[in-house]
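Here's a quick briefing to read with the model open in your viewer. Skim the lead, then jump to whichever topic you care about.

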Amino acid sequence: MTVVGPFGLSVRDQALETDVQAGLAAVEAGLLEATKSEVPFITEAAQHLVRAGGKRFRPLLVMLASRFGDPYAPGIVPSAVVVELTHLATLYHDDVMDEADVRRGVASANARWGNSVAVLTGDFLFARASHILADLGPEAVRIQAEAFERLVTGQILETAGPRDGRDPVEHYLDVIAGKTGSLIAVSGRFGALMSGADESVVDILTQYGERLGTAFQLADDVLDIASDSHESGKTPGTDLREGIPTLPVLRLRETAARDGNPDDLDLVRLLDGDLTDDAVLADVLARLRVHPALEQARRDTIRYAQDARATLAPLPECFAKSALEELCDAVVHRAG
């Protein structure tokens, strides 16, 4: 039983472990190849986040989903490279929008080279992903295009905020279904589709990825407040300081608006104010960590993870299914 992939996922079958490790190694080589350019500076910028590491959560899901068909089919590794390249490209753009200084424990591309280079590097990665997609056929191109549209729509919805009368929590869940769930859903779909799995299996793994992706992001929301050392490389409270609406904060606002508790209203006031002062941020974090809103956000996270796990029920029992179920458990564990 060896640990592979994100969160220390353990694989309980030697053959599966060997194949997953080999697949992820091939994906890593594919990422480095796809980010090479004849211009050395472009190579350096494009490989900046590749070499910084990461969970490779999406490629792992592609590998596990492929076990329900032919896991050695030629399109599996390239499709995993496509989803990870797309994910990396969005990180370059996100860091510009969020004015982030650090990503995965290293200086963000925008902090190192400026916003223009970061945006253009993200575009370069999208172009390389499209080039690989062209070899996977028109169906793969269509699937990726639809997911990319959802991803961008989610980002726009986040930027625009909820329309008048719309529940902010429902709006936020729509945002992360697009921004995070869509590409993780494609990871499950590509793995099953490229392996030649039955259509029903492809549908199941697509739904599983969508729900797991939402749970994955909600767990990050909880960790931004609850964790002493954030797994993503960000310091606790980073999202709060940047004014990013996360689920625990939305749950707090919901409670404060409904009950009018003075302590809750004061906490909302602090969240709406200047959090650049470390002492103020520490106070806000301490109060949020004991607030029922954080526990509500945990319950929401667990619900999505449990829904993802339940989606897998029709699949045949095998080590790959067990690993997918363990991913759900790992997300729940991250959320505490």
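A residue counts as buried when its relative accessible area is under 20%, as exposed when it is over 50%, and as partly exposed in between. Cysteine 328, with a relative accessible area of 1%, is therefore buried. Keep in mind that this is a predicted model. The chain has 16 helices and four strands, and buried residues make up 51% of its 336 residues.

**Overall build**

- The radius of gyration is 20 Å, close to the 20 Å that the globule rule gives for 336 residues, so the chain is as compact as a globular protein of that length.
- Along its principal axes, the C-alpha trace spans about 60 × 50 × 40 Å.
- Take the contacts between residues at least 6 apart in sequence: 72% of them join residues at least 24 apart.
- About 14,800 Å² of the chain is exposed, and carbon and sulfur atoms supply 53% of that area.

**The nonpolar core and H10**

- The largest nonpolar core holds 95 residues, and the ones with the most contacts inside it are Phe190, Leu205, Tyr208, Leu240 and Leu324.
- Which helix gives this core its largest share? That's H10, with twelve residues.
- Helix H10 covers residues 199–226, and aspartate 220 is found in it.
- Aspartate 220 has a relative accessible area of 14%, which means it counts as buried.
- The side chain of aspartate 220 also has a partner: a polar contact of 2.7 Å joins it to the side chain of arginine 334.

**Phe190, Ser195 and the loop before H10**

- Leaving out residues up to four places away in sequence, phenylalanine 190 touches Ser79, Val82, Val83, Leu133, Ala140, Ile143, Gln144 and Ser195.
- Serine 195 sits in the loop between helix H9 (168–194) and H10.
- Is serine 195 buried or exposed? Its relative accessibility is 7%, so it counts as buried.
- The serine 195 side chain reaches the backbone oxygen of alanine 192 at 2.8 Å.
- With the same sequence neighbours left out, the residues that serine 195 touches include Ala65, Ser66, Phe68, Gly69, Asp70 and Phe190.

**H4 and the loop in front of it**

- How many of the nine residues of H4 are buried? Nine of the nine are, so H4 is largely enclosed by the rest of the structure.
- Those buried H4 residues are Phe57, Arg58, Pro59, Leu60, Leu61, Val62, Met63, Leu64 and Ala65.
- Arginine 56 is found in the loop between helix H3 (48–51) and helix H4 (57–65).
- At 8% relative accessibility, arginine 56 falls under the 20% limit and so counts as buried.
- The phi of arginine 56 is near 55°, a positive value in a residue other than glycine.
- For background, most residues other than glycine have a negative phi.

**Pairs far apart in sequence**

- Valine 77 lies in helix H5 (residues 76–98), and its relative accessible area of 25% makes it partly exposed.
- Although valine 77 and methionine 194 are 117 residues apart in sequence, their C-alpha atoms are 9.3 Å apart in space.
- Not counting residues up to four places away in sequence, valine 77 touches Gly23, Ala26, Val27 and Met63.
- Arginine 303 lies in helix H15 (residues 292–311) and counts as partly exposed at 38% relative accessibility.
- The C-alpha atoms of arginine 303 and alanine 215 are separated by 8.0 Å, with the two residues 88 apart along the chain.

**Cysteines**

- How many disulfides does a search of the whole structure find? Zero.
- Cysteine 318 is in no disulfide, and the nearest cysteine sulfur, that of cysteine 328, is 14 Å away.
- Why is there no bond from cysteine 328? The closest cysteine sulfur, in cysteine 318, is 14 Å from its own, which is too far; a disulfide needs the two sulfur atoms within 2.5 Å.
- The two cysteines are covered to differing degrees: cysteine 318 is partly exposed at 30% relative accessibility, whereas cysteine 328 is buried at 1%.

Methods
Residues numbered from 1 in each chain as written. Predicted model: local features only at pLDDT ≥ 70, side-chain atom pairs only at ≥ 80, totals over all residues. Heavy atoms only, no water. Helix = DSSP H or I, 4+ residues; strand = E, 2+ residues; numbered from the N terminus. Buried < 20%, exposed > 50% of the residue type's maximum accessible area, 1.4 Å probe, protein only. Polar contact = N/O pair within 3.5 Å; in protein donor to acceptor, adjacent residues only side chain to side chain. Core = buried A, V, L, I, M, F, W, Y, C linked by side-chain atoms within 4.5 Å. Contact = heavy atoms within 4.5 Å. Rg over C-alpha atoms; globule rule 2.2 N^0.38 Å. Areas by Shrake-Rupley, 256 points an atom, 1.4 Å probe, with all protein chains shown as cover.
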